[in-house]
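Me: I would like a close look at a single part of this protein, starting from one residue and then going on to other pieces of the fold. Please keep it plain and go step by step.

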Amino acid sequence: MPSLDEKLEAILAEVIRRNEGEPEFHQAVREVLESLGRVVAKRPDYADGALIERICEPERQIIFRIPWTDDRGGVRINRGFRVQFNSALGPYKGGIRFHPSVNVGIIKFLGFEQTFKNALTGMPIGGGKGGSDFDPKGRSDAEIMRFCQSFMTELCRHLGEHTDVPAGDIGVGGREIGYMFGQYKRLTNRYEAGVLTGKGLSYGGSRARKEATGYGNTYFVQAMLLTRGRDFDGMRAVVSGSGNVAIYTMEKIASLGGRIMACSDSDGYVIDEAGIDLDLVKEIKEVRRERISEYARLKGTGAHYITGGSIWDVPCDVAMPSATQNELTGRDARALLRNGVIAVGEGANMPSTPEAIRIFQEAGVLFGPGKAANAGGVATSALEMQQNASRDSWTFEQTESRLASIMRNIHDICASTAEEYGTPGDYVLGANIAGFVRVAEAMRALGVI
Ligand code: NDP
């Protein structure tokens, strides 16, 4: 682990002391502070006025009770969170996650990452994140709707198109956004389309938003590959997860001539030597809402399902972790290296452990960190906000071409910043510094906030 200088070490120690029992948040802060040593050495004024300490402290944290009724009439309770991390660049913006592992530390790490990610897009959006420890698996449509309505009943008073604009994340897709928007509209008596993104096309959504995170990550990795004169054509790719980000990562890689060897869910993974059949994955996950094990059963020959295990044991040229945090460990990174991986693009937020990142970087593997590589989702959410504000609706091609150019810009600013700070090719350093500088400049201009 790179060491921190005395001042940054003291800041990290204070973050850990003030946010006890939140290891993911500590991990995310440490990674950014490790990059900031170079900035502070070159521009000591960035450490003045407790600027770094303020960036590590959320502006506001909301925790609330979510009572709801299940289909048998039983009353259930979950906990809801919204961490409004930083609004120096614009309204808080970041997704909502429904998963039993959600707690305030997870939401805080996601909000912290989101702040720098949103800055990297160059768009006027601050950082936030929210969610609940509600487990949507196995819940009926009616239960999901009642839960979403209860969640929004409290959350609505903290939102607004100029205040805080949530979107989806793990466990929250188009269906859930629809139920939440419906409840927001009832409670406020306003058709404020710009208050949520990831909406359906029939009520103010943007074309290409559903595809944006996966497509964007693919564009980012393509830009990294191009620096070495390579492209996706003929590459074998492994994509973890089989949700929104994974599905559209697979779709774009396949359209560029790559072959998808495997994908997964939290129970196990499937390998298909002929290349994963994406229509079948979509049918299982988006229509039937079943487990990925069904893939092997429905596909028959050539496909295998492995319960548990590590998807990173499957040989590939490109790895796209697209499920959840810390899903790719040091052990997994070594397995990928042995099998010849040349590039990694993080579709998920913080999916690689610090040890895995170090192994990839020391081996010269092209490594695209989530806060840069998966920024296409939030960037297209900002395009959705633009369309809502101007009561306009763009074509798929128009939106996708904006997304592609935003991803190229993010790649280029990460690459040029890494070079400026003395480590060409270190996209982690480039993303952390470029994101930090944008947020820091705005915060300084706004006074002690
Ligand atoms: P989805 O809920 O659509 O899909 C998540 C996928 O990851 C599912 O296949 C799920 O399997 C799997 N998964 C979730 N938790 C775990 C776990 N603890 N262990 C193993 N597998 C798990 O979510 P998204 O695709 O939207 O999000 C995936 C990642 O991408 C997250 O890290 C999210 O923060 C990040 N992201 C998402 C963006 C978006 O636009 N949606 C934007 C930027 C980042 P199962 O169904 O079995 O739980």
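**A close look**

Reply: Asparagine 349 sits in the loop that runs between β11 (343-345) and α12 (354-362). The model is a predicted one. Is asparagine 349 buried or exposed? Buried means under 20% relative accessible area, and asparagine 349 has a relative accessibility of 9%, so it counts as buried.

The next step is to see what this side chain touches. It makes a polar contact with the side chain of lysine 117, at 2.8 Å. A second polar contact, at 3.3 Å, goes from the side chain of asparagine 349 to the side chain of asparagine 374. If neighbours within four places in sequence are left aside, the residues in contact with asparagine 349 are Phe109, Leu110, Lys117, Lys129, Asp169, Thr324, Gln325 and Asn374. Lys117 and Asn374 are thus in the contact list, and both also appear as polar partners of the side chain.

From here we can turn to the long helix α15. Helix α15 covers residues 396-420, which is 25 residues; at 1.5 Å a residue it should span 36 Å, and its end C-alpha atoms are 36 Å apart, so the two values agree. Its buried residues include Thr399, Glu400, Leu403, Ala404 and Ile406. Further along, Met407, Ile410, His411, Ile413, Cys414, Thr417 and Ala418 are also among the buried residues of α15. Among the elements that cover these buried residues are α4 (104-120), α7 (209-226) and α8 (244-255). The cover also includes α13 (370-373), α14 (376-389) and α16 (427-445). Just after α15 comes glycine 422, which takes a positive phi of about 90°.

Helix α1 is another one to examine. It has 13 residues, 6-18, and reaches 18 Å from its first C-alpha to its last, close to the 18 Å expected at 1.5 Å a residue. Leu8, Ile11, Leu12 and Val15 are its buried residues. Viewed down the helix axis, these residues fall within an arc of 95°, so they line one face of α1. The face turned away from that buried side carries the exposed residues Glu6 and Arg17. The cover over the buried residues of α1 includes α2 (23-42) and α3 (51-55). At the start of α1, a side-chain oxygen of aspartate 5 comes to within 3.1 Å of the backbone nitrogen of lysine 7.

Now for a sheet. Five strands form an open sheet with mixed pairing, in the order β1-β2-β4-β3-β5. β1 (60-69) and β5 (164-167) stand at the edges with a single partner strand each, so one side of each has no neighbour in the sheet. Neighbouring strands are turned against each other by 20° on average, direction ignored.

Start at the β1 edge. β1 pairs with β2 (residues 75-86) in the antiparallel sense, over ten bridges. Within β2, arginine 76 stands opposite tryptophan 68, and arginine 79 is the bridge partner of arginine 65. The hairpin of β1 and β2 has five residues between the strands, and there glycine 73 takes a positive phi near 90°. β2 also runs antiparallel to β4 (residues 127-132), to which six bridges join it. One bridge pair here is glycine 80 with serine 132 in β4.

At the other edge, β5 runs parallel to β3 (residues 92-98), with four bridges between them. Tyrosine 92 has aspartate 164 of β5 as its bridge partner. Both faces of β5 are covered: Asp164 and Pro166 are buried on one side, and Val165 and Ala167 on the other.

A last residue to look at is tyrosine 269, in strand β8 (residues 268-272). Its relative accessibility is 8%, so it counts as buried. Leaving aside neighbours within four places in sequence, its contacts include Cys263, His304, Tyr305, Ser310 and Val314. Valine 314 is 45 residues away from tyrosine 269 in sequence, with 9.9 Å between their C-alpha atoms. A polar atom of the tyrosine 269 side chain lies 3.5 Å from the backbone oxygen of serine 310.

Note on methods. Residues numbered from 1 in each chain as written. Predicted model: local features only at pLDDT ≥ 70, side-chain atom pairs only at ≥ 80, totals over all residues. Heavy atoms only, no water. Helix = DSSP H or I, 4+ residues; strand = E, 2+ residues; numbered from the N terminus. Expected span 1.5 Å × (residues − 1). Buried < 20%, exposed > 50% of the residue type's maximum accessible area, 1.4 Å probe, protein only. Arc of directions from axis to C-beta. Contact = heavy atoms within 4.5 Å. Polar contact = N/O pair within 3.5 Å; in protein donor to acceptor, adjacent residues only side chain to side chain. Pairing = 2+ DSSP bridges. Axes fitted to C-alpha atoms, helices over the stretch in contact; angles between N-to-C directions.
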